[in-house]
Amino acid sequence: MNNKRTGLYWFTNDLRLHDQPALMRAVGSVDELVCVYVLEERWFSPSKFCAPSIGEHRYRFLLDSLAALNTQLERLGQRLLIMRGRLGPSLAQILQGANITDIFCSQHAGWYEKQSLVWLQDNYPQIRQHVIDSHTLFDNDQLPFELSQLPPTFTQFRKQLEAAQLPSLDHAVNGNLNGPLRRSSKPLSPVSFLPSMPASIGELDESTIWPDELMQTAKIGGSNRFVGGEQAGLKQLSDYFSGSHPACYKQVRNALDGWDNSSKMSPWLANGSISVRELVSKLDDYELHVTTNESTYWLYFELLWREFFQWYAHRYGAALYLLRGIKNQAPLTSFYSERYRKWVAGTTPYPIVNACMNELRETGYLSNRGRQIVASCFVNELGLDWRYGAAYFEQVLIDYDVASNWGNWQYLAGVGADAQPKRHFNLSKQTASFDPSGHYIERWRGDQGMSMLDSMDAADWPVGY
Ligand SMILES: Cc1cc2nc3c(=O)[nH]c(=O)nc-3n(C[C@H](O)[C@H](O)[C@H](O)COP(=O)(O)OP(=O)(O)OC[C@H]3O[C@@H](n4cnc5c(N)ncnc54)[C@H](O)[C@@H]3O)c2cc1C
């Protein structure tokens, strides 16, 4: 009897070799391995909220990241197979063609990704699935509460985590890690060995692409400062922590502009080129060897917001995308196409909003404060259904992360994890506080908007019918 085990490693938002518990598990379990990434066809056509889910900035960043990952895999005698199509059927091709016995992947917060795994389980019940936490600071079983009992607000979540004596994590792949742990587990060492590819992976249709072919057709590079891939992410991490920036993070993190005013780690964290545990370990080192202050704590605090939204997405599943959110309470908004178009184009009557939207569209990045301002305007001044704004962010953000994006939008729209009815940012006050000299608005041409929100006002409506 042939007892050979052949694994399929499905890469998602874990495009790295360091701190990679899921890949480590595969390495320790199988004789042969196929490494796959699926470029899903649904990403490229408009969703029900009008926007395709991946725009040019993130697509370029993703291709950089895949190319970098493939280079690393090749050093270990492997290759990355990139498939383009529907997720389930694409993976199924490999399952059949290569006689796969085990699937390995990182736990994904997206509802669609979870459903695809269920579909594979139903159709290929003989294939073992290994789904492992790698996108979060903590594993599910390290949380001091059952996921179904996730605290309803961030503050309660943070307090429970900070109060808990976190047990050390035995990944079973790396032996015991030192505990008890103050803030997270230590990141795992990089994977340094990979089982080889099976001699045959069956007939693959034309949706299958090898990274070098993809790179030839894709437009890579450009002027954007964000370059995808693990090495580029590690470099940004090391640059940020090599100076005094973390020590004054709290004072400057709300600035609308300025590369060093926040870590800029979000794009690498979002597609997993960098592990969040690696970031926290760097922060721990900084506190140990350079300084510990309110700012260094605040960086950790923001990472806990990220952590909260990840578990929130796991807890609430499809409710992440519902108009009524998790509160099951419909906001008083609608859809006005003209207002939506003006918001996207940066031509509303609000210069600060226009400037932010222009920066976002042109670079794929916007500061946290900028995101709060434009999202608040979308819901409050424009009265629009928040899901269209979230879907537009999903398309344009270079750091799009399903949990952070939809969770933050729900929060601002008043249908999420917030005791307050909703968050309304006063645009004049925001402008006075964060762009007092008008430089940001000038740089991003915020004053080229319309004076009126709607081209037709109430007086134009026909009466007497
Ligand atoms: C409406 C809206 C949508 C957002 N969509 C996304 C998204 O799709 N992807 C994403 O990574 N972030 C999102 N954020 C959160 C935040 O704006 C970005 O993480 C941050 O601006 C990225 O810049 P940075 O890496 O320099 O952050 P820093 O200020 O350096 O923070 C460090 C890290 O903490 C995490 N973080 C910081 N603030 C938040 C927050 N409010 N929520 C969750 N995580 C946070 C991020 O991982 C970030 O990289 C959104 C915020 C809002 C208001």
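These legends go with an overall view and a few close-ups of a predicted model.

**View 1. The whole protein chain, ends and all.** Here's the full fold: 18 helices and 6 strands. Laid along its principal axes, the C-alpha trace spans about 85 × 55 × 45 Å. For 465 residues, a compact globule would have a radius of gyration near 23 Å, and the protein chain comes in at 23 Å, so the two agree.

**View 2. Burial and contacts in the protein chain.** Of the 465 residues, 43% are buried. Looking at contacts with a separation of 6 or more, 79% are between residues 24 or more positions apart.

**View 3. The annotated binding site.** An unreviewed UniProt entry carries the "binding site" annotation shown here. According to that record, the annotation takes in Tyr-249, then Ser-262, Ser-263, Lys-264, Met-265 and Ser-266, and also Asp-399, Tyr-400 and Asp-401. The next two views pick out Ser-266 and Asp-401, both on that list.

**View 4. Close-up on Ser-266.** This serine sits in helix α9, which covers residues 266–270. Ser-266 has 19 C-beta neighbours inside 10 Å, and because a residue needs 20 or more to be called buried, Ser-266 counts as partly exposed.

**View 5. Close-up on Asp-401.** Now we're in a loop: Asp-401 is found between α15 (386–396) and α16 (402–413). Is this aspartate buried or exposed? Asp-401 is buried, since 25 other C-beta atoms lie within 10 Å, and the cut-off for buried is 20 or more.

Key. Residues numbered from 1 in each chain as written. Predicted model: local features only at pLDDT ≥ 70, side-chain atom pairs only at ≥ 80, totals over all residues. Helix = DSSP H or I, 4+ residues; strand = E, 2+ residues; numbered from the N terminus. Rg over C-alpha atoms; globule rule 2.2 N^0.38 Å. Buried ≥ 20, exposed ≤ 12 C-beta atoms within 10 Å, placed from the backbone. Contact = placed C-beta atoms within 7 Å. UniProt positions renumbered as here; feature names shortened; annotations may be inferred.
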